Amino acid sequence: MSDDEKTGLSRRNFLMVTGLAGLAAQTGGLVAAGIRTGRDPRTFTGWESYNPGTQFFDRRRFEFDGPAYSPVGSVSRPGHRTDYVFGRVATFERAFARNPDWTLDDPIEGLGLPPDLEAFYREFPERLEWDFRTFSETIPNNRRDRREYGDHYRLAEAYAAGFEAHRALIPSPQSPPEVSDYLRPRGRGARIPEPVPFRSPELAAEFVKELAHRYGATLVGIARMNPDFLYSDGWRGCPPGHDFSRLPEHWEYAIVVGVPMEWDVVLASPHSSTSSDAYDRISTTAFRLEGCLKSLGYPVRTHSPDAGYDLIVPPLAVEAGLGELGRTGYCITPELGGNFRTAVLTTNLPMAVDRPIRFGVAEFCNKCKLCAEGCPSGAISFADSPDGMVIRGYEHWYINNGACYNYWRETMGPMGCRLCIATCPYSRKNSWLHSVARDLDARDPTGAVSSALLVMQERFFDAPDAEAYRRPPHGEFANYRPPPRFLDTERYLDIPVTRPGKGG
Ligand code: SF4
Ligand code: SF4
């Protein structure tokens, strides 16, 4: 009996069956791989569908037990009308408009300032000088400059205007936290439902982070709320006489979210750049997350660029594990450096909190002074470390926000500067080169890598002198890098344009 007769399968048929089986297995494998790939969020091509993978830096080995910052002296909370530069200059502007002939030689009482701001200026007279210069000299000069050169920045302003238009849709709280935080967003006074319990604080944190990314956040971290970082007055929706010493009971946690400004736009700082893109995106992200958590019954207040803030963000971003405080006084992160804008949601949803991280920024900033060297207003300290810089009871880097704001009002295009963000070696896209440099530096205890990186940065990243960013006759309205093509007014608009100088 032949083999074929024994098995009942001819050699030809055997080969055919095994071939078909192999083909089926391969096809099955391909289909399985296709299904797996299709489920990978990185393949979800489309608007905002890429965000869950953006917080890629593995923080675990750089974490430590918080808090990252502890008081070293007597703590006082920042004032909304004093320390917060926008609140302060708005108050000064109103007083100066009522007393337009007032000069620095006159007694300060002649301005009719609120007592807290008058006391602040007595303690920090250089802030009064900067604020006075802003409204007596810088803004009038800027009006003249805009008449002469403004058309050169028409597209930069138009780009920002698109994001600004959306700003009007982001609501701000209209009543104290104990009321507004318990109302449905745009719910015509309807209260949020009873809270729906999560299975655990860990799962609540996981859910919140996933949703934050899906709503648009690049970075998200969670910290316990620290009342030291709340403004001592002026919370949104609170009437005169409100007791600001009382921390709202439901502000137990702070969810900190962040998105970058567009990389090519931020490099065209200060005159052809804007922060409006990130302000709009992070405000929208936070508002979405507020809506989600309120629908599950948790009170929330959003603090964002478009809705306003009742707290200061950088220390909360650090406690939430997003990064470290740099020389510029804001948080530097592994993924985005300082190129990000933030929002915070205060809530009582019980969540597992993140731990702060140390990945080398403190040591790097002590050596690197690039932001201070490039700052056109001299607002950033050149000190070798923040030792002894104690602000309201905490020791940390601190900038002169009066000098910084003064320069904002000197700039052309959409208001602002952002140069310290553009020049910082940490604010680089996630190219393989930056990725290797960041990982090596974070793991090097000797400091040799940071010293080498700094030399490379100074050699290969040419930048205009600080004065070149100023208005004529000091400078020529230089930008750090030329603007991207879509902001080139002369390419697109059929209007006469006066160029301000090189690099603008
Ligand atoms: S934003 Fe500009 S002016 Fe302000 S600190 Fe940064 S570099 Fe200086
Ligand atoms: S430019 Fe240098 S000193 Fe300034 S924040 Fe960045 S790393 Fe620190």
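The exercises below work through a ligand shell, helix packing, a cavity and backbone geometry in a predicted model.

Residues are numbered from 1 along each chain as its sequence is written, and chains are lettered from A and ligands numbered from 1 in the order in which they are written. Local features need pLDDT of at least 70, side-chain atom pairs count only at pLDDT 80 or more, and totals for chains, interfaces and linings use all residues; side-chain values use heavy atoms, with hydrogens and water left out.

**Exercise 1. Ligand shell**

List the residues around ligand 1 and state which helix supplies the largest share of the shell.

Step 1. A residue is near a molecule if one of its heavy atoms lies within 4 Å of it. The residues around ligand 1 are Cys375, Pro376, Ser377, Ile380, Ile399, Cys404, Tyr407, Trp408, Cys417, Arg418, Leu419 and Cys420.

Step 2. Helices (H or I, at least four residues) and strands (E, at least two) are DSSP runs, numbered from the N terminus. At least two shell residues each come from helix 14 (401-408) and helix 15 (419-423). The largest share, three residues, belongs to helix 14.

Step 3. Ala, Val, Leu, Ile, Met, Phe, Trp, Tyr, Cys and Pro count as nonpolar, Asp, Glu, Lys and Arg as charged, and the others, Gly among them, as polar. The shell around ligand 1 then has ten nonpolar, one polar and one charged residues.

**Exercise 2. Helix 3 and its partners**

Describe how helix 3 packs against helix 14 and against helix 4.

Step 1. Two packed helices are described by the angle between their axes and the distance between the axes. Axes are lines fitted to C-alpha atoms, for helices over the stretch in contact, and angles run from 0 to 180 degrees between N-to-C directions.

Step 2. Helix 3 (residues 85-98) and helix 14 have axes that come within 11 Å and cross at roughly 70°. Angles under 35 degrees count as roughly parallel, over 145 as roughly antiparallel, 65 to 115 as roughly perpendicular and the rest as oblique. Helix 3 and helix 14 are therefore roughly perpendicular. Contact means heavy atoms within 4.5 Å; here Val85, Phe86, Arg88 and Val89 of helix 3 meet Asn401, Gly402, Tyr405 and Trp408 of helix 14.

Step 3. For helix 3 and helix 4 (residues 115-123), the axes come within 11 Å and cross at roughly 105°. These two helices are therefore also roughly perpendicular. Arg88, Thr91 and Phe92 of helix 3 touch Leu117, Phe120 and Tyr121 of helix 4.

**Exercise 3. Helices 16 and 17**

Give the packing angle of helix 16 and helix 17 and the residues in contact.

Step 1. Helix 16 (residues 432-443) and helix 17 (residues 448-460) pack at about 145°, their axes 8 Å apart.

Step 2. Helix 16 contributes Ala437, Leu440 and Asp441, and helix 17 contributes Val449, Ser450 and Leu453. By class, this contact has four nonpolar, one polar and one charged residues.

**Exercise 4. Backbone geometry**

Locate the cis peptide bonds before proline 67 and proline 473, and the positive phi of arginine 392.

Step 1. Glycine 66 and proline 67 are joined by a cis peptide bond with omega of about 5°. Proline 67 sits in the loop between helix 2 (11-39) and helix 3.

Step 2. The bond from proline 472 to proline 473 is cis, with omega near 10°. Proline 473 belongs to the loop between helix 17 and helix 18 (489-492).

Step 3. Arginine 392, although not a glycine, has a positive phi of about 50°. The loop between strand 7 (390-391) and strand 8 (394-395) holds arginine 392.
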